[in-house]
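Student: I have a new model open and I'd like to talk it through with you. Can we go step by step?

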Amino acid sequence: MELISENKVFGGWHKRYKHQSQANNCEMTFAVYLPEQASYKKVPALYWLSGLTCNDENFMQKAGVFKYANECGIAIIAPDTSPRGEDVADDPVGAYDFGLGAGFYVDATELPFAQHYNMYTYITTELPNLINAHFPVNSKKSISGHSMGGHGALIIGLRNSVSYESISAFAPISNPIDSPWGKKALTGYLGENQAAWTKYDATELIKASAYDRKLPIKIDQGGADQFLEAQLKPTKLLEAAKDSTYDIEYQSHDGYDHSYFFISSFIETHIAFHAQFLKD
């Protein structure tokens, strides 16, 4: 790993690193926030997955999370949203919703993307192994995210429920097999066989009870989100959860949109939510 930058904030340290990823076959960047408690003991970690067009910096700079993370003694891990580099395939016309900045947290099977786009393995295996080896974190971790990252947090948390303590999401893409963003990404990364898509769809995972244990899930959604009906489809997820008797803590907030103004307004409640399950 190579340290890119470090800044002291609310008593802890925000640090950015780059390293060569075996899963993605390219150089990857991630950020870590270590609260004050990490200077004298191992702390739990919250993995944050960002949305389309973002990288590791968006959440760390805009969400206002450091004060609450430091108060609760939780490390924050913020990876990039996709592989990057001159040799990494991108959308042919440079669209924002596929390719660079839009890895969708899947392991691609279609060429040329399969060579680099293995974000599912990167988030679930490679990055946690790296964090555990180099930072003072204990065995407890939770996962959260926004939009495409909310989709990633849900599917990763559900499919790896023995590895996490809790899941939360802001405005997640809840049913990507029925979303224009999701259909484009899943076709491009996984091919036309829609049966292969279902393991990357939170609504389908809930329907199939494709998890080992029911983790606590918290979802917040802006009522004025411009992508609510066409792309995010939270009602599909909530209907599946009701049918499967999976309790999800869901709140809609009038007037809030899809931006980091929304995230920063409610990030304290998400840190408090995870803190109760990350306690020693």
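Student: Okay, which residues does His270 touch, not counting residues up to four places away in sequence?

Tutor: This is a predicted model, and in it His270 touches Ser144, Ser168, Ala169, Phe170, Lys218 and Asp220, once residues up to four places away in sequence are left out.

Student: And where does His270 sit?

Tutor: His270 has its place in helix α9, which covers residues 260-278.

Student: Is His270 buried or exposed?

Tutor: His270 counts as buried, because its relative accessibility is 1%, and the cut-off for that word is under 20% relative accessible area.

Student: Let's zoom out. How many helices and strands are in the chain?

Tutor: The chain has nine helices and nine strands.

Student: What radius of gyration does the chain have, and what would a compact globule have?

Tutor: The chain has 17 Å, while a compact globule with 280 residues would have a radius of gyration near 19 Å, so the value agrees with that of a compact globule. Taken along the principal axes, the C-alpha atoms fill a box of roughly 50 × 45 × 35 Å.

Student: What share of the residues is buried?

Tutor: Of the 280 residues in the chain, 59% are buried. As for the surface, the chain exposes about 11400 Å², and carbon and sulfur atoms supply 47% of that area.

Student: What about contacts between residues that are far apart in sequence?

Tutor: If you take the contacts between residues at least 6 apart in sequence, 74% of them join residues at least 24 apart.

Student: And the charges, how far apart are their mean positions?

Tutor: The chain has 23 positive and 33 negative charges, and the mean positions of the two groups are 6 Å apart.

Student: Now the strands at the start. How many bridges join β1 to β2?

Tutor: Seven bridges join strand β1, residues 2-9, to β2, and the two strands run antiparallel. One of the pairings to look for is Lys8, whose bridge partner in β2 is Trp13.

Student: What happens in the hairpin of β1 and β2?

Tutor: That hairpin has two residues between the strands, and Phe10 takes a positive phi near 50° there.

Student: Does β2 pair on its other side too, I mean, how many bridges join β2 to β3?

Tutor: Nine bridges join β2 to strand β3, residues 26-34, and these strands also run antiparallel. If you look for His19, you will find it opposite Met28 in β3. The hairpin of β2 and β3 has four residues between the strands, and in it Asn25 takes a positive phi near 55°.

Student: How many residues of β2 are buried?

Tutor: Strand β2 spans residues 12-21 and is mostly covered, with seven of its ten residues buried.

Student: Which other residues have a positive phi?

Tutor: Two to look at are Ser147, where phi is about 60° although the residue is not a glycine, and Ala171, where phi is near 45°. Ser147 is in the loop between β6 and α4, whereas Ala171 lies in the loop between β7 and α5.

Student: Are those two buried or exposed?

Tutor: Ser147 is buried, with a relative accessible area of 3%, and Ala171 is buried as well, with a value of 0%.

Student: Where is there a cis peptide bond?

Tutor: A cis peptide bond joins Leu111 and Pro112, with omega at about 5°, and Pro112 lies in the loop between β5 and α3.

Student: New topic, Thr53. Buried or exposed?

Tutor: Thr53 is exposed, because its relative accessible area is 53%, and exposed means over 50%. Thr53 lies in the loop between β4 and α1, and beyond its neighbours up to four places away in sequence it touches Tyr96 and Gly101.

Student: How far is Thr53 from Thr81 in space?

Tutor: Their C-alpha atoms are 7.9 Å apart, although the two residues are 28 residues apart in sequence.

Student: Last one, what is Leu49 in contact with?

Tutor: Leu49 is found in strand β4, and it is buried, with a relative accessible area of 0%. Leaving aside neighbours within four places in sequence, its contacts include Pro79, Tyr105, Ile123, Ile143 and Ser144. You met Ser144 before, among the residues that His270 touches.

How values were computed. Residues are numbered from 1 along each chain as its sequence is written. This is a predicted model: local features need pLDDT of at least 70, side-chain atom pairs count only at pLDDT 80 or more; totals for chains, interfaces and linings use all residues. Side-chain values use heavy atoms; hydrogens and water are left out. The radius of gyration is taken over C-alpha atoms; the globule rule is 2.2 Å times the number of residues to the power 0.38. Buried means under 20% relative accessible area, exposed over 50%, partly exposed in between (1.4 Å probe, protein chains only). Contact means heavy atoms within 4.5 Å. Accessible areas come from the Shrake-Rupley method with a 1.4 Å probe; for residues, only the protein chains shown count as cover. Lys and Arg count as positive and Asp and Glu as negative; His and the chain ends are not counted. The place of a charge is taken as NZ of Lys, CZ of Arg, CG of Asp or CD of Glu. Two strands pair if DSSP finds at least two bridges between them.
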